[in-house]
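Let's take a walk through a protein together, one piece at a time. Have a look at the picture first, then read on.

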Amino acid sequence: MRFRNSIGATAIVVALMMTVGGAAAFDETKYPDLKGQWRRASNRGLLAGGAGGLRWDDSKPPALTLSLGQEPPLTPEYQAIYEANLADMAQGGQGIDPTYACISPGMPRVMIGYSSLEFAVTPQTTYVLFERDHDFYRRIYTDGRDFPASMAAQPKFLGYSIGKWLDESGRGRFDTLEVETRGLKGPRVYDATGIPLHADNETIVKERIYLDKANPNLLHDDITTIDHALTRPWLVSKIFQRVASDKPIWWDHSVCGEGNAHIGIGSEVYYLSAEGMLMPAKKNQTPPDLRYFKQYDR
């Protein structure tokens, strides 16, 4: 029995030594300090979504009308889709934005920062954690792998992200994370106004993530989207602000389905009243087809 206990103790010691050795191999001082909770910030560093709600390009106003707003560089075909979507929203519809049904916003929209973010850096993977239940996290692989051969057959809303750490300052430590994301599936839009991405899902998203040189509590994410619905690559710059607090930060967990009153039936989206009754979302909206329900004379 003593011999068996000795073997067990030795195995534990070896396992601990391997763990310590693995930990020592990761020198976190070579990476930027991304710890903490990050929230979206305006160009002035203020926590805000801005008038009209969260928008993809923070430097431009929201799409309040067809002639004012984001001005995405869409092809004529997808500009027409966008305008029809805005017209439907003006009537009370959901347009082409699929998130009313708690479908993941997907990439690149999740990086709009509609909820707090957390970055967890390891040598092999950088994780971007979200508070929303239908996203949870992104994995950005930095271990030198290439995109998988099965990517087209197994697309994901958040896609497949391959990253590379760079030392652009020449100071012997990493300061910039370059990321490329492919293998995305739809439907997806850029923001709540319904700016569309192409239905072929051949989107390529490139990011440069780095701390502000003058303020380490500001994080930049320069996002370039290459998509067949665009006339040119579309670059926007996101800024996140680190939450400063002398107290522990407790993270929320937002469940999209909780309290969601939108009900999609066929191609129409209806609304559920506080009494649990089905209501139209648009004026003169066609009621759902009830052919499979018994009809009662009233």
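Before we start, here's one term to keep handy: a residue is called buried when its relative accessible area is under 20%, exposed when that value is over 50%, and partly exposed in between. Lys238 makes a good first try: its relative accessible area is 1%, so Lys238 is buried. Also bear in mind that what you're looking at is a predicted model.

Now for the overall plan. The protein has two helices and twelve strands. Read from the N terminus, the order goes α-β-α-β-β-β-β-β-β-β-β-β-β-β. There are 298 residues in the protein, and 38% of them count as buried.

Let's zoom in on a set of neighbouring strands. Strand 7 covers residues 204-211, and it runs antiparallel to strand 8, with eight bridges joining the two. Six residues sit between strand 7 and strand 8, and the two strands form a hairpin. If you'd like to spot one of the pairings yourself, find Lys206: its bridge partner in strand 8 is Thr224. On to the next pairing: strand 8 also pairs with strand 9 (residues 234-242), again in the antiparallel sense and over eight bridges. Here you can look for Thr225, which stands opposite Trp234 in strand 9. So is strand 8 largely enclosed by the rest of the structure, or largely open? Strand 8 spans residues 218-226, and seven of its nine residues are buried, so the strand is largely enclosed. One background idea is handy when you look at strands: in a regular strand, the side chains alternate between the two faces of the sheet.

Strand 9 is worth a longer stop, as we can follow its charged residues to other places in the chain. Which residue does Lys238 meet in a salt bridge? The partner is Asp58, with 3.7 Å from N to O. This pair ties together distant parts of the chain: Lys238 is in strand 9, Asp58 is in the loop between strand 1 and helix 2, and they are 180 residues apart. You've already met Lys238 as a buried residue; Asp58, by contrast, has a relative accessible area of 24% and so counts as partly exposed.

Arg242 is in strand 9 too. The side chain of Arg242 makes a salt bridge with that of Asp33, at 3.9 Å from N to O. Once more the link joins distant parts of the chain, since Asp33 lies in the loop between helix 1 (2-25) and strand 1, 209 residues away from Arg242. With a relative accessible area of 14%, Arg242 is buried, while Asp33, at 41%, is partly exposed.

The count for the protein comes to 13 salt bridges, so let's visit a few others. Arg109 and Asp97 meet in one, 3.0 Å from N to O. Both of these residues are in the loop between helix 2 and strand 2 (117-121), twelve residues apart. Arg109 is buried at 10% relative accessible area, and Asp97 is buried at 8%. There's also a network of salt bridges that links Glu168, Glu178 and Arg208.

But what about a charged residue without such a partner? Go to the loop between strand 1 (38-40) and helix 2 (76-90), and you'll find Asp57. Asp57 is buried, yet it has no salt bridge: Lys60, the nearest side chain of opposite charge, is 4.6 Å away. A salt bridge needs the nitrogen and the oxygen to be within 4 Å. Asp57 does have a polar contact, though, of 2.6 Å between its side chain and that of Ser59.

Next, step just past strand 9. Ser245 sits in the loop between strand 9 and strand 10 (262-265). Ser245 is partly exposed, at 44% relative accessible area. A polar atom of the Ser245 side chain lies 3.1 Å from the backbone nitrogen of Lys247. Ser245 and Gln37 are 208 residues apart along the chain, but their C-alpha atoms are separated by 9.9 Å.

Our last stop is at the surface. Leu290, Tyr292 and Phe293 make a nonpolar surface patch of about 430 Å². Tyr292 belongs to the segment after strand 12 (278-279). Buried or exposed? With a relative accessibility of 77%, Tyr292 counts as exposed.

Key
Residues numbered from 1 in each chain as written. Predicted model: local features only at pLDDT ≥ 70, side-chain atom pairs only at ≥ 80, totals over all residues. Heavy atoms only, no water. Patch = residues over 30% accessible without salt bridge, like charges linked within 9 Å, V, L, I, M, F, W, Y side chains within 5 Å. Areas by Shrake-Rupley, 256 points an atom, 1.4 Å probe, with all protein chains shown as cover. Helix = DSSP H or I, 4+ residues; strand = E, 2+ residues; numbered from the N terminus. Buried < 20%, exposed > 50% of the residue type's maximum accessible area, 1.4 Å probe, protein only. Pairing = 2+ DSSP bridges. Lys, Arg positive; Asp, Glu negative; His and termini not counted. Polar contact = N/O pair within 3.5 Å; in protein donor to acceptor, adjacent residues only side chain to side chain.
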